[in-house]
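Biologist: Please show me the model. I want to know what stands behind each label you use.

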Amino acid sequence: MSESDDRPKPAIDASTEHFKLTYFDPPEGLEKYILATFDLQWNEDLIEDRHPGALGQLFFTIKGRGYAKFGDRTDKVDGGPILFNAFEVAAPFHLRGPWRCLGASLSPHGWASLTQAPVNTHGNSFLPASQVLGEDIDRFSDELTERCLAGEISGEQACDEVAEWIRPRLKPVPKSHEDLIDAVLAWLGTSLNPPVEALFYGRDYSRRQIERLVLRYFGFTPSALARKFRAIRAANLLSQPDLTDEAEAEIAEAFFDQSHMAKEIRRFCGYTPSRLGGEGGPMFQRLTHMQNLERLKPFRVVG
């Protein structure tokens, strides 16, 4: 158990009538790699929703089981730690509750340093974490689950222990690659529809090298990455009741028309926001509320 277990940490309550979801700030020194840790408890017998898979995540199932669908393939969630990243479309999942999981949302720096694995060859799946991180994570997961179920540690303490398990396993990434990751995040944050050519201008790498590195660290080509983040950010913003007319107009300008907007959001998010005549599952709507994405600085404020 880390020395920081008893340190008070800001928490964000993202709960709904369906589930209890709490986000915690990562321990000091891990902010670059872990956007937030989280504890999710969902006490319903049958749970169906979708996950956007916009960012990397490591999670541990404490209780419950189920599966996620990726096209014609089914990935089981039946215990054991899971890694995922970069879904081309929102992945539907089906769970038998009561369900509880906890873990860490990883920044692109965090995924790269922890896994050393190309996102483009590990996306679109719920991957057993031991395949990438080694069998030690299974032993850690078994011990953590047993202590959580016995009530020996709180969700916050368990989240801290996940973060502290990650800390010594972070490996160096080439400085030039780190700089490019930051440049891509800054580019994504310039607008809802950043021009792709702007990413290539004035870089030390060739266009082909940048495209290859963006695939490695983000799982998509630059144009596809911008398209996915545009849809997820638009869905988040359109779900906010206090969205200004100016912001709504800016969102509309990022798409060809309202039909195109609805189609793109449904593709990447799995639902159409109520402002466009649709509705989404409770988990997905929470996941697009930027508890994690807002920490990918700098994202320009829309409107």
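Modeller: Start with residue classes. Ala, Val, Leu, Ile, Met, Phe, Trp, Tyr, Cys and Pro count as nonpolar, Asp, Glu, Lys and Arg as charged, and the others, Gly among them, as polar. By that scheme the lining of the second largest pocket divides into 5 nonpolar, 4 polar and 3 charged residues. This is a predicted model, where local features need pLDDT of at least 70, side-chain atom pairs count only at pLDDT 80 or more, and totals for chains, interfaces and linings use all residues. Residues are numbered from 1 along each chain as its sequence is written, and side-chain values use heavy atoms, with hydrogens and water left out.

Biologist: What makes a residue part of the lining of the second largest pocket?

Modeller: Lining residues have an atom within 4 Å of a pocket point. The points sit on a 1 Å grid over the protein atoms alone, and a pocket is an open set of them with protein on both sides within 12 Å along at least five of seven lines. Here the lining includes Glu88, Val119, Asn120, Asn124, Phe220, Arg227 and Arg267. About 160 Å³ of space lies in this pocket, a volume being the space filled by probe spheres set on the points, joined across faces, edges and corners.

Biologist: Which helices each supply at least two residues of that lining?

Modeller: Helix H8 (222-238) and helix H10 (258-269). Helices (H or I, at least four residues) and strands (E, at least two) are DSSP runs, numbered from the N terminus. The protein chain has 11 helices and 9 strands.

Biologist: Why is Cys101 called buried?

Modeller: Buried means under 20% relative accessible area, exposed over 50%, partly exposed in between (1.4 Å probe, protein chains only). Cys101 has 6% relative accessibility, so it counts as buried. Cys148 is also at 6%, and therefore buried. Of the 303 residues in the protein chain, buried ones make up 53%.

Biologist: How do you know that Cys148 is not bonded to Cys159?

Modeller: A disulfide is a pair of cysteine sulfur atoms within 2.5 Å. The sulfur of Cys148 is 8.3 Å from its closest cysteine sulfur, in Cys159, so it is too far for a bond. The structure holds 0 disulfides. Cys101 is likewise in none, with the nearest cysteine sulfur, that of Cys159, 9.4 Å away.

Biologist: What makes the backbone at Gln116 worth a remark?

Modeller: Its phi is positive, about 55°, although Gln116 is not a glycine. Most residues other than glycine have a negative phi, and most peptide bonds are trans. Asn124 also has a positive phi of about 55°. Gln116 is in the loop between helix H1 (108-115) and strand E9 (127-128), and Asn124 is in the loop between H1 and E9 too. Gln116 has 36% relative accessibility, so it counts as partly exposed. Asn124, at 24%, therefore counts as partly exposed too. On the peptide side, a cis bond joins Gly97 and Pro98, with omega about 0°. Pro98 is in strand E8 (residues 91-106).

Biologist: Which residues does Arg216 touch?

Modeller: Contact means heavy atoms within 4.5 Å. Leaving out residues up to four places away in sequence, Arg216 touches Gln116, Ala117, Pro118, Val119 and Asn120. Arg216 lies in helix H7 (residues 207-218). The C-alpha atoms of Arg216 and Gln116 are separated by 9.9 Å, with their positions 100 residues apart along the chain.

Biologist: Is Arg216 buried, exposed or partly exposed, and why?

Modeller: Arg216 has a relative accessible area of 28%, so it is partly exposed.

Technical notes: On a 1 Å grid over the protein atoms alone, a cavity is a set of points where a 1.4 Å probe fits but cannot get out, and a pocket is an open set with protein on both sides within 12 Å along at least five of seven lines; lining residues have an atom within 4 Å of a point.
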